[in-house]
Amino acid sequence: MAAEPSHCDRIWVNARLATMAPGAGQPYGAVEDGVVAARDGRIVFAGPRSEAPTLDARETVDCGGRWITPGLIDCHTHLVYGGDRAHEFELRLQGASYEEIARAGGGILSTVKATRAASEAELFASADRRLGALIAEGVTTVEIKSGYGLEQQAELKQLAVARQLGRERPVTVRTTFLAAHAVPPEFTGRSGDYVDQITGPMLDAVTAQDLADAVDVFCEGIAFSPEETARVFTAARAKGLPVKIHAEQLSNLGGAALAAEHGALSADHLEYLDEAGVIAMARSGTVAVILPGAFYFLRETQKPPIDLLRKHGVAIALATDANPGSSPLTSPLLVLNMACTLFRLTPEEALAGLTRHAAKALGLQDEIGTLEAGKRCDLAIWEIERPAELAYRIGFNPLHSRIWNGQ
Ligand code: DI6
Ligand code: FE
């Protein structure tokens, strides 16, 4: 007896699926003649047409043989900020290093000044344009950090704008409290006192207003020490918030291993990561978020240890690190190409880095990141002949359409 038809809102047929499901056997979890069915914004079936249940759909979309991937996930951005740093770009081209500019009060602190001065409306408008570029390339989930306020009211302002973007735009926004991004001018030489502010009143205000989904720290010589990082992590976890870290970007302070000890969702940058740090991350399940835009823009030479991450089975995610100083980049497709061209990831590893592994870096691996029943129906539909094209092309956007929450 034929099974009762499963009612669904929409079904996409005549498609090739890159499900990115783990252990699917085929590269990319590929399905040649595939179907995706959705109900109430969730996937109810994704797989071969021959295995699909009887489906009764209100709307059927013929994909004309196009490829469907999970919607892309940008798991590390500083999208909300004031001003820009084009003038520093010129200084660097005259020989000044990123650290020299930072130590001279430029860098992050110059964006802090512009961000403190900007209204919420101004911050929303400029971030909205950058978010539009991500959405145009198939992004359905984006993480947005604070870290350019460096005092309570401005940090809350940044996070509130990020939350507003999630309410008003067809994209899922996850927010991260990164007050520990730099020591503000008011606390020069008194970083410990500033950490007191972060772990006390600022974190209280952030949690009272539910403005952050995670807490992040820049653990670096020009930012916060491992000891200060640990203080912020302990306070965040006491409030029930998961942690992330900018670690081993310019040197090795053992930040990634410290983050792993605190069960961090991710450790990000990682150019100077060593095998001890990789092993610690493997043990804790901490995701390695690799940021090729910053490596490229700062003209770094030390590459992250991709072979060690592979050897120890650490999930590798990718992100734009969209920020005005080290990675003014809002193209996830270019991130795919950079990851393969600069760091020798395979195109399949790179696409997993913007889907399944990026989801894990946000603690959302049960919700998004693969085409599997039960997950959110976030899709990107591409005019490509094979998934490798997404990493292969430079400056070409083959997105045909983007589906967020089934719409
Ligand atoms: N590392 C980076 O590359 C960015 N922040 C961080 O912790 C730089 C942010 C900026 O220069 O504005
Ligand atoms: Fe960053």
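# How the labels in this model are earned

Trainee: Why is Cys340 called buried?
Mentor: Cys340 has a relative accessible area of 12%, and buried means under 20% (exposed is over 50%, partly exposed in between, with a 1.4 Å probe and protein chains only), so Cys340 meets the cut-off. This is a predicted model, in which local features need pLDDT of at least 70 and side-chain atom pairs count only at pLDDT 80 or more, while totals for chains, interfaces and linings use all residues. Residues are numbered from 1 along each chain as its sequence is written, chains are lettered from A and ligands numbered from 1 in the order in which they are written, and side-chain values use heavy atoms, with hydrogens and water left out.

Trainee: How do you know whether Cys340 is bonded or unbonded to another cysteine?
Mentor: A disulfide is a pair of cysteine sulfur atoms within 2.5 Å, and the closest cysteine sulfur to that of Cys340, in Cys75, is 16 Å away, which is too far for a bond. Cys75 is itself buried, at 0% relative accessible area, and the count by this rule comes to 0 disulfides.

Trainee: Which residues are protein donors of the iron ion (ligand 2)?
Mentor: They are His76, His78 and His246, each through NE2, and Asp321 through OD, at 2.1 to 2.3 Å from the iron ion. A donor is an N, O or S atom within 2.8 Å of the metal (3.2 Å for Na, K and Ca), and because water is not among the atoms, sites may look incomplete.

Trainee: What makes the arrangement of these donors irregular?
Mentor: The 4 donor atoms subtend angles of 82 to 166 degrees, whereas four donors count as tetrahedral if all angles lie between 85 and 135 degrees. Four count as square planar, and six as octahedral, if opposite donors are over 155 degrees apart and all others between 65 and 115, and anything else is irregular, which is the label that this site receives.

Trainee: Why is the pair His76 and Asp321 said to tie parts together?
Mentor: His76 lies in the loop between strand E6 (72–74) and helix H1 (86–93), and Asp321 in the loop between strand E13 (316–318) and helix H12 (332–343), so parts 245 residues apart in sequence are joined. Helices (H or I, at least four residues) and strands (E, at least two) are DSSP runs numbered from the N terminus. Both residues are buried, His76 at 0% and Asp321 at 1%.

Trainee: How do you know on which side of helix H9 its buried residues lie?
Mentor: The buried residues of H9 (275–284) are Gly277, Val278, Ala280 and Met281. They cover an arc of only 160 degrees, which places them on the same side, the arc being that of the directions from the helix axis to the C-beta atoms. On the other side, Ala276 and Arg283 are exposed.

Trainee: What makes the Phe89 and Phe297 pair stacked?
Mentor: The search of the whole structure finds 5 aromatic pairs. In this one the ring centres are 5.2 Å apart and the planes at 10 degrees; rings of Phe, Tyr and Trp (its six-membered ring) pair if their centres lie within 6.5 Å, and planes under 30 degrees apart count as stacked, over 60 as edge-to-face and the rest as tilted, so the pair is stacked. Phe89 is in helix H1 and Phe297 in helix H10 (292–297), 208 residues apart.

Trainee: Why is the pair of Phe187 and Tyr194 called tilted?
Mentor: The angle between its planes is 45 degrees, with 5.5 Å from centre to centre, so the pair falls outside both other classes.
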